[in-house]
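Trainee: Could you take me through one part of this model in detail? I would like to follow the sheet, and then what surrounds it.

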Amino acid sequence: MPLRLALGADHAGVNLKAAVATHLRGLGHDVTDHGAFDTSSVDYPDYAKKVGEAVRAGQADLGICICGSGTGIAIAANKLHGIRAANCMTELHARMARQHNDANVLCLGERFVGVGLALAIVEAFLSASFEGGRHAKRVEKIGVLDDAR
């Protein structure tokens, strides 16, 4: 089933983002690329905001954010109400982020994962779904913390 996906990256993640976007479009997904589009220095919070707002507004089912390490853009994305961003470096990280944490934004670090691994991580993230059950109570508690800000 095709998904609506929002992608964004800073200058340090733009090349990996392009490879991910091409791959996802090839799989039939509807990809909206929020930039950046070249390696000129930009600020990752701007792209985390664009992707997070698209997910939050229901314009995208899920988001993918990329920077050099994945850390900065994940921190920024997690500042947006309703966003649960996970910086993942393995397929298991990605699968569990969806299954246990109901993550709605995947973050990757171009300097830490190659294209092949990144595509495998993306596919693991997109193919997994929230298990609910004992994890639902924990995600609800994350929501309470989010609402308290």
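Mentor: Happy to; we will begin with the sheet and its central pairings, then turn to a helix and the salt bridges. Please keep in mind that this is a predicted model.

Five strands make up an open sheet, in the order 2-1-3-5-4 and with parallel pairing. The edges are taken by strand 2 and strand 4, each of which has a single partner strand, so one side of each is left without a neighbour in the sheet. From one strand to the next, the twist averages 20 degrees. As background, strands of a sheet pair through backbone hydrogen bonds, either parallel or antiparallel.

Now look at strand 3, which is a good place to linger. Its pairing with strand 1 is parallel and runs over 5 bridges. Two of the contacts can be picked out by residue: Leu7 has Ile64 of strand 3 as its bridge partner, and Gly8 has Cys65 of strand 3. Helix 2 packs on the sheet, where it touches strand 1, strand 3 and strand 5, and its direction makes about 175 degrees with that of strand 3. Strand 3 is also joined to strand 5 by 5 bridges, and these two strands run parallel. Here Ile64 turns up again, standing opposite Leu106 in strand 5.

How buried is this strand? In strand 3, 6 of the 6 residues are buried, so the strand is largely enclosed by the rest of the structure. If you follow the side chains, Leu62, Ile64 and Ile66 point one way, while Gly63, Cys65 and Cys67 point the other way, and all are buried.

Just before strand 3 comes a residue worth a stop of its own. Asp61 sits in the loop between helix 2 (44–56) and strand 3 (62–67). Its side chain meets that of Arg4 in a salt bridge, at 3.0 Å from N to O. Arg4 belongs to strand 1 (residues 4–9), and the two partners are 57 residues apart, so this pair links distant parts of the chain. Both residues are partly exposed: Asp61 has a relative accessible area of 32%, and Arg4 has one of 33%.

That salt bridge is one of 6 found in a search of the whole structure. Another joins the side chains of Asp33 and Lys17, with 2.7 Å from N to O. Asp33 lies in strand 2 (residues 30–33) and Lys17 in helix 1 (residues 14–26), so the pair ties together parts that are 16 residues apart in sequence. The two ends differ in their surroundings, as Asp33 is partly exposed with a relative accessible area of 22%, whereas Lys17 is buried at 2%. A further salt bridge is formed by Arg84 and Asp102, whose closest N and O atoms are 3.2 Å apart. Arg84 is in the loop between helix 3 (71–77) and strand 4 (85–87), and Asp102 is in the loop between helix 4 (91–101) and strand 5 (105–109), with their positions 18 residues apart in the chain. Finally, Lys49, Glu53 and Arg56 are joined into one network by salt bridges that share partners.

Let us end with helix 6, where you can read the two sides separately. Helix 6 (residues 134–148) has 15 residues and reaches 22 Å from its first C-alpha to its last, close to the 21 Å expected at 1.5 Å a residue. Within helix 6, His135, Val139 and Asp146 are buried. They cover an arc of only 35 degrees around the axis, which puts them on the same side of helix 6. In general, an α-helix has 3.6 residues a turn, so residues three or four places apart point the same way. Exposed residues lie on the other side of helix 6, among them Arg134, Lys137, Glu140 and Lys141. The cover over the buried residues of helix 6 includes helix 4.

Asp146 deserves a last glance. With 14% relative accessibility, Asp146 counts as buried, because the cut-off for that is under 20%. Leaving aside residues up to four places away in sequence, Asp146 touches Leu80, His81 and Gly82.

Definitions and conventions
Residues numbered from 1 in each chain as written. Predicted model: local features only at pLDDT ≥ 70, side-chain atom pairs only at ≥ 80, totals over all residues. Heavy atoms only, no water. Salt bridge = Lys/Arg side-chain N within 4 Å of Asp/Glu carboxyl O. Helix = DSSP H or I, 4+ residues; strand = E, 2+ residues; numbered from the N terminus. Buried < 20%, exposed > 50% of the residue type's maximum accessible area, 1.4 Å probe, protein only. Pairing = 2+ DSSP bridges. Axes fitted to C-alpha atoms, helices over the stretch in contact; angles between N-to-C directions. Contact = heavy atoms within 4.5 Å. Expected span 1.5 Å × (residues − 1). Arc of directions from axis to C-beta.
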